[in-house]
Amino acid sequence: MSFRTRVLTAFVLLVLLPLIGFGIGIRTIVRDRLTAQYERRVAQVLATLERDLAQETETIDDRLQAIADAFVADNRLRRALRAADARDADRAYLRDFAGRAMRASGLAMLFVLDENERIVSSGHFRNEYGRLEPGLARGLQEGDTPALLPVRTAVGQFTALARADSIRLGERRLTVVGGTDFGRGFLERWEWDENVSVTLEPLDETNEAAPGPDRSPAVGAAVRAMPVTILEADGTGQRMARAASIRAAHAVAPLHAVTRSVDRWFFLGLLTTGVVAILLAWWLWMRLSRPLAELAGKTAALDLDALDVDFAMDRADEVGVLSRGLGAMAGRLRLSAARLREAERRVAVGDMARQVNHDIKNGLAPIRNVLRHLTEVVRDRPEELPTVFRERRDTFDGGLAYLESLASKYAQLSPGLATEPCDVNAIVRRVVGNMGTVPHATIQTTLASPPPPLVARGDVLAVQRVLENVLQNAVQSFGGGGPEGTVTVSTDVRSGGLDGSVVRVIVADTGRGMDQDELERVFQDFYTTTPGGTGLGLSIVRRLVGDLGGRLRVESAPGSGTRFIIDLPAWSTPIEGAPS
């Protein structure tokens, strides 16, 4: 930020910040007080609604109890329930019972259900006799919130505030379900203020109000909700309990009108004060800017390759002190730049030496295994030496070829990667064979078979180095005298995606696994949890996979082992005699 900008900013903030704080405080007080007033109104509406719902529920319960008592006392109804000796007149009497009882009690709906949840009498449709209402009685009896039930009538559909009561007739248990109309007119009774609305809102799976045609975006300054349950029928006719709420809300329009008025006057005062502050800041900057701009221009010319800028100035004031300090700083920078270049050269050489050392150790491992094996044969079974030598010669030659390839690569200043078809299965077999017998671990392979052939596009030596480092890391997870484990190497081809087909190699072990901190640092240079390790293996893997155009990820958890997943681009051009 320039000095001019700093001066302007300082003056503007010095003048405007107190004014902004005052305006925000006034606006906040007005908003908070209005919001508190709205919340009290909404809370009062909801409290009255809860009280009236409780009274309405008690009234429904009393009416259902009276209907249940009348049902028990009516012998004709009892005869109608015994299908064996029931007469047609008794059955008709039973079917008409709910309609008569509903009109006499003042209820808006009434069902009588048997123990199989079949309707034996309906208040609206006489022919609903025998229709199943699965889940209705259980949903009403088990819920601890007011239950709403969509009810179908001859003139349309309405929502009822429903309750249930049980009737015991000998060994049979019937259920009486009844309720009153819970429509829009019922809710409007509590809207005392034109800015207050009371609505029934279904909830989605996250218990948020589901969007619907009755939702008004102008509502929301203060909202209170009371939970209810809607018993809706699914596609099979089963009544399912769906969470909903009765929401009392105050509109935001009055609050917005007041805050807009406050904002308008506040903005006018802020604009006037800001113009005055900017003019004062501009005048002060003009008085101080010229010598500082000259120093800024010289400082901008500084560069690590151009540190010979002359900051000499014949001033005795603070600006002169600053110019002499900048000149001394430029001299120190010249000395530090020389030291930095030397340090960077040494770090680069050291990193290259560590990487060469790590790769040569990997290349010597199979040769060392072959020589150890031959030494054991010479000592224990000398007559088998020629046979064993022939069997292990390919591994020995492969190790030497690997080291020769490394030497050729590192002979270049910045070695590149070849683009050639790589038989991934063959490379996996070669790397696993070079590992030989590994203490504390068993290495298994699960290699995919063609079609299609597992041919990746890349560099054979680079792919081998990737697999060697990942496999060596997996084997090392079983060290320390712990239990033996298993390392599984599997290959596969994955098709599709924006990048085309890929050859996937998964190296999974049953070792100790890694926690989240280790997972975040696993590919960092020189980070290792293995005693004596260099910390370069997995960082080399990450770099090589990126150079090959592939993707690398790791999955692990403490005690659950580790999975390295390597995706290499597949060779898209058909190859004659492609290896399998």
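How many salt bridges does the structure hold? The answer is 17. Keep in mind that this is a predicted model, and let's walk through it piece by piece.

## The overall picture

The chain has twelve helices and 15 strands. It runs to 580 residues, and buried residues make up 37% of them. How do the contacts spread along the sequence? Take the contacts between residues at least 6 apart in sequence: 65% of these join residues at least 24 apart.

Here is one pair to look up in the viewer. Leu14 sits in helix 1, which covers residues 3–73. Its C-alpha atom is separated by 8.6 Å from that of Ala277, although the two positions lie 263 residues apart in the chain numbering, counted as their distance apart. Is Leu14 buried or exposed? With 65% relative accessibility, Leu14 counts as exposed, since the cut-off for that label is over 50%.

## Back to the salt bridges

Three of the salt bridges are set out here, with the closest N to O distance for each.

| Pair | N to O distance | Relative accessibility of each partner |
|---|---|---|
| Arg172 and Glu115 | 3.3 Å | Arg172 28%, Glu115 42% |
| Glu128 and Arg131 | 2.9 Å | Glu128 6%, Arg131 30% |
| Arg381 and Glu384 | 2.7 Å | Arg381 32%, Glu384 32% |

Start with Arg381 and Glu384, whose closest N and O atoms are 2.7 Å apart. Arg381 is partly exposed at 32%, and Glu384 is partly exposed at 32%. Elsewhere, salt bridges with shared partners link Glu128, Arg131, Glu133, Arg152 and Arg239 into one network.

Two members of that network, Glu128 and Arg131, form the 2.9 Å bridge in the table. Which of them is buried? Glu128 is, at 6% relative accessibility, while Arg131 counts as partly exposed at 30%.

Now for Arg172 and Glu115, which meet at 3.3 Å. Arg172 belongs to strand 5 (residues 172–181) and Glu115 to the loop between strand 1 (109–113) and strand 2 (119–122), so this pair ties together parts that are 57 residues apart in sequence. Arg172 is partly exposed, and so is Glu115.

## A residue in the loop

The loop between strand 1 and strand 2 is also home to Glu117. What sign does its phi have? Glu117 has a positive phi of about 65°, even though it is not a glycine. Most residues other than glycine have a negative phi. Glu117 is buried, because its relative accessible area of 18% falls under the 20% cut-off.

## Helix 10 and its partners

Helix 10 is worth finding next, as it takes part in both of the packings described here. On one side of the story is helix 9 (residues 424–435), which packs with helix 10 (residues 460–476) at an angle of about 45°, their axes being 10 Å apart. That angle makes helix 9 oblique to helix 10. The crossing is right-handed. Helix 9 brings Ile427, Val428, Arg430, Val431, Val432, Asn434 and Met435 to the contact, and helix 10 brings Val460, Val463, Gln464, Leu467, Glu468, Leu471, Gln472 and Val475. By type, these residues divide into ten nonpolar, three polar and two charged.

The other partner is helix 12. The axes of helix 10 and helix 12 come within 9 Å and cross at roughly 145°, and this crossing is left-handed. From helix 10 the contact uses Ala462, Arg465, Val466, Asn469, Val470 and Asn473, and from helix 12 it uses Gly537, Leu538, Ile540, Val541, Leu544 and Val545. Sorted by type, that gives eight nonpolar residues, three polar and one charged.

## A closer look at helix 12

Which residues of helix 12 (residues 537–547) are buried? They are Gly537, Leu538, Ser539, Ile540, Val541, Leu544 and Val545. Among them, Leu538 and Val541 also appear in the contact with helix 10. After helix 12 comes Gly549, with a positive phi near 80°.

Notes. Residues are numbered from 1 along each chain as its sequence is written. This is a predicted model: local features need pLDDT of at least 70, side-chain atom pairs count only at pLDDT 80 or more; totals for chains, interfaces and linings use all residues. Side-chain values use heavy atoms; hydrogens and water are left out. Axes are lines fitted to C-alpha atoms, for helices over the stretch in contact, and angles run from 0 to 180 degrees between N-to-C directions. Helices (H or I, at least four residues) and strands (E, at least two) are DSSP runs, numbered from the N terminus. Angles under 35 degrees count as roughly parallel, over 145 as roughly antiparallel, 65 to 115 as roughly perpendicular and the rest as oblique. A crossing is left-handed if the near helix is turned anticlockwise from the far one by less than a right angle, and right-handed if clockwise. Contact means heavy atoms within 4.5 Å. Ala, Val, Leu, Ile, Met, Phe, Trp, Tyr, Cys and Pro count as nonpolar, Asp, Glu, Lys and Arg as charged, and the others, Gly among them, as polar. A salt bridge is a side-chain nitrogen of Lys or Arg within 4 Å of a carboxyl oxygen of Asp or Glu. Buried means under 20% relative accessible area, exposed over 50%, partly exposed in between (1.4 Å probe, protein chains only).
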